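Reader: I'm new to this and would like a close look at one part of this model, the place where two helices pack together. Could you walk me through that and then show me what surrounds it?

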Amino acid sequence: MDLDIFNNKIKLCIVGEGEWGQQVKHVVELFDRFELLGSINSSTPEDQKLSLLEEANMLYIAVPKDAQLEYVNYGIDNDKFTICEAPFLSSLQERKDLYFKIKENTPRAFLVNSAYY
């Protein structure tokens, strides 16, 4: 990942093309700071999905909670800034596992955006 992130555009991939993913897309397009690489949905071809995920340095995850963990883990494992919509994770154990994974493996930011709590 580019260590000079503050002087370069943030390359963003939106995971989820539902209502919220579309809203985020429209907001991102208002800011020159971001380069929207594209978005992923369940019918995105695997090679295109992988290409977008690899090229991005930020992931905005706006998919149902049963699909979130895969992308959150990808973001953490690949040193991506990761923002995830809530509700997030199904159990206390999943939360603990993720907490320790983040604490041990990534200097990057991770945010759960939640208006539910």
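Author: Start with α3 and α4: these two helices are roughly parallel to each other, a label for angles under 35 degrees (over 145 is roughly antiparallel, 65 to 115 roughly perpendicular, and the rest oblique). Before going on, bear in mind that this is a predicted model, where local features need pLDDT of at least 70, side-chain atom pairs count only at pLDDT 80 or more, and totals for chains, interfaces and linings use all residues. Residues are numbered from 1 along each chain as its sequence is written, and side-chain values use heavy atoms, with hydrogens and water left out.

Two packed helices are described by the angle between their axes and the distance between the axes. Here, the axes of α3 and α4 cross at roughly 15 degrees and come within 10 Å; axes are lines fitted to C-alpha atoms, for helices over the stretch in contact, with angles running from 0 to 180 degrees between N-to-C directions. Helices (H or I, at least four residues) and strands (E, at least two) are DSSP runs, numbered from the N terminus. The α3 and α4 crossing is left-handed, meaning the near helix is turned anticlockwise from the far one by less than a right angle.

Who does the touching? On the α3 side you'll find L69, V72, N73, I76 and D77, and they meet E94, L98, K101, I102 and N105 of α4. Contact means heavy atoms within 4.5 Å. Sorted by type, the residues of this contact are 5 nonpolar, 2 polar and 3 charged.

Now for the surroundings. The largest nonpolar core has 17 residues, and C13, V15, I40, L53, L59 and I61 have the most contacts inside it. Such a core is a set of buried Ala, Val, Leu, Ile, Met, Phe, Trp, Tyr and Cys residues joined through side-chain atoms within 4.5 Å. Buried means under 20% relative accessible area, exposed over 50%, and partly exposed in between (1.4 Å probe, protein chains only). Both of our helices are among the elements giving two or more residues to this core, along with β1 (10–15), α2 (46–55) and β3 (58–61). The largest share, 4 residues, comes from α3.

Take V15 as an example: leaving out residues up to four places away in sequence, V15 touches I40, L53, Y60, I61, A62, V63 and Y71. There is also a second, separate core of 10 residues, including V24, Y60, A62 and I83.

How values were computed. Nonpolar A, V, L, I, M, F, W, Y, C, P; charged D, E, K, R; others polar.
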